[in-house]
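Q: Please explain how the terms used to describe a protein model are justified by its values.

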Amino acid sequence: MERIGKTSDAVGEQHRLAELLDSAGEWFCAEGGARRVSLRRGEWEVRVAGGALRLSYWGEVGLRVWRVKAWEWTGARLLVEATRRAGALRATLELTPRASAAFASETVAAAREAACWSLAETVCAHLGRGARVESARLSAGARRGEPGRYARIVLSAGRSVSGGAGRVAATGPVGALASDEADAFVASAFLWFARLGEKGSARAPRRLLVVVPRALRDATAERVALLRESLKESIEVCEVCDDVRALVTSKERTRSDARVPALVTARVPSLEELLDAAPRFVRPTPNALSETAARIVALAPEAVDVVRARHGETLRYRGLAFARVRRVMNEERAWFGVEGATKRRPLDDESLSDFLKLLGELREHRRAGAANKRHALYRAAPEAWLESMLRRDVSRLDPGLVVSPLHAQLRASRARSTHARPLDLLALRRDGRLVVIELKVAPAPALPLQGADYWLRIAAQQRAGHVARARLFGDAKISEEPPLVYLVAPMLGFHRCFDELARAVSPSVEMYRYDLNEDWRACVRVARRARVV
């Protein structure tokens, strides 16, 4: 790296570094392992002050001013060794020009297109003699210009291995996909399949093959099980056999190789089977609030709430985690720092002033009447902000709900399960029925399927008697009727395909849609409530 020493060196390096930065209109900047920040021309400044070369820009947490100690241009990235706070904080900034990012995107797109055609050949071999690929492409990306994550394949099946003829649609992930993303994947697959048959053409595919790796098989089969029976009949979940993938994609495979199945049809369980197979229930930690957490809450009781875990507590300011308390060697210890901070600091006498400064910034920026609505502290964790408001008074959503106890971020199955995420809120109605509440503040097409998945887990625990034995709601009597599902979002926060996907879910899942006012940060009000049928 180019080390910067004397003031004369700093002046010379200022022109070189500024010229390099100006050569690209946009850079992606990462502070160590932190999230990347997009910087456009005019949002950074290189200057010499106090005999040192300084680089300043606006990040997600406000203005950043770094003292540049050394820098290096590798041809693809700009590496800057820098310090802040009189050398107390050190980091290596990694700045990538957008041109390089575009090249990386093209590389990813090419790899995914190759995986798409490989999957098309695999499905073609599975369908048998006479099958051919009509089209194979990628789904739309999350943003314009980005490659999609799923393959979209249409085949002429000829006479398939399972009998029948006609056209078949197939889809599957072409990149890494975690099992907790099964909701989004199945929702995307269903909506695409529905679009293919919208015109009612005789040539519209009547079958959908959902092709997944083994790690995603069970989670996908469970989501398909939550759909209506008429839809499940046309969907086939297939698992890719990794040990024969090379055989089915090779153009030189022999007849014996061709007899080896590349795909294995996975069994989709019935809804009753899933309801009777409740996994081990993870009971909420009943520990009392620690002394350290209680003192922090007392600083802003109207805004700070606590999420308890097995090993301690997480304190959130209107939903944004800013402090953690853990018991180490029978001693309470606390750390502070918002999500995205490069490093959380221990809370002690020396750092108390910085902690109080952070709390003051949260008071200023994380409130409904904040002057700067674009500040990172205002925009961060909006769903958790909404959750924190409902935790204080869930009756604003439904006057029939019991205000307390109310369980937030509850895991309805074993913590190590690969596709067991915590549900937002679990409440009890005054008539004894359990209510699963799922919150969103931005459009999410998978919302109905995600709510149905949470319903399945709570309903299974209820049927097994785990909810009653855990005394989640004290002495209150819990009805034997299945839980209700409340899907909650601002009026503009529901995806345009919400109703279509919600109607595809099994009628056994009783769901309600709650439209909130757009200025919900000031006060939560229900603008519309409707049963999803």
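Q: How do the residues of the lining of the largest cavity divide into nonpolar, polar and charged?

A: In this predicted model, the lining divides into 8 nonpolar residues, no polar and no charged ones. The lining residues are Val186, Ala189, Phe190, Leu208, Val210, Val224, Leu227 and Ile235. Ala, Val, Leu, Ile and Phe are among the types that count as nonpolar, so each of these residues belongs to that class.

Q: Which elements give two or more residues to the lining of the largest cavity?

A: Helix H3 (182–196) and strand E12 (207–212) do so. The largest share, 3 residues, comes from H3.

Q: What is the volume of the largest cavity, and how many cavities of 30 Å³ or more does the structure hold?

A: The volume of the largest cavity is about 30 Å³. The structure holds 1 cavity of 30 Å³ or more.

Q: Why is H3 described as largely enclosed by the rest of the structure?

A: A residue is called buried when its relative accessible area is under 20%. In H3, 11 of the 15 residues are buried, and the helix is therefore largely enclosed by the rest of the structure. Among these buried residues are Val186, Ala189 and Phe190, which also line the largest cavity.

Q: How do you know that the span of H3 agrees with what is expected at 1.5 Å a residue?

A: The 15 residues of H3 should span 21 Å at that rise, and the end C-alpha atoms are 21 Å apart; the two values therefore agree.

Q: What makes H13 largely enclosed, and how far does this helix reach?

A: Of the 17 residues of H13, 16 are buried, so the helix is largely enclosed by the rest of the structure. Helix H13 (residues 447–463) reaches 24 Å from its first C-alpha to its last, close to the 24 Å expected at 1.5 Å a residue. Glycine 465 follows H13 and has a positive phi, near 85°.

Q: What makes strands E16 and E17 a pair?

A: Two strands pair if there are at least two bridges between them. Strand E16 (residues 312–317) and strand E17 (residues 320–328) have 6 bridges in the antiparallel sense, so the condition of at least two is met. Leucine 315 has alanine 323 in E17 as its bridge partner. The hairpin of these strands has 2 residues between them, and arginine 318 takes a positive phi near 45° there.

Q: How do you know that E17 also pairs with E18?

A: E17 and strand E18 (residues 331–336) are joined by 6 bridges in the antiparallel sense, and the requirement is at least two. In E18, arginine 333 is the bridge partner of arginine 326. In the hairpin of E17 and E18, with 2 residues between the strands, methionine 329 takes a positive phi near 55°.

Q: Why is arginine 47 called partly exposed?

A: Partly exposed lies between the buried limit of 20% and the exposed limit of 50%. Arginine 47 has 32% relative accessibility and therefore counts as partly exposed. Arginine 47 is found in strand E4 (residues 44–49).

Q: With which residues is arginine 47 in contact, leaving aside its neighbours within four places in sequence?

A: Arginine 47 is in contact with Gln14, Ala52, Leu53 and Arg54.

Q: How many helices and strands does the protein have, and what share of its residues is buried?

A: The secondary structure comes to 15 helices and 25 strands. Buried residues make up 47% of the 533 residues.

Key:
Residues numbered from 1 in each chain as written. Predicted model: local features only at pLDDT ≥ 70, side-chain atom pairs only at ≥ 80, totals over all residues. Heavy atoms only, no water. Helix = DSSP H or I, 4+ residues; strand = E, 2+ residues; numbered from the N terminus. 1 Å grid on protein atoms, 1.4 Å probe; cavity = no way out; pocket = protein on both sides within 12 Å on 5 of 7 lines; lining within 4 Å. Points joined across faces, edges and corners; volume = space filled by probe spheres on them. Expected span 1.5 Å × (residues − 1). Buried < 20%, exposed > 50% of the residue type's maximum accessible area, 1.4 Å probe, protein only. Contact = heavy atoms within 4.5 Å.
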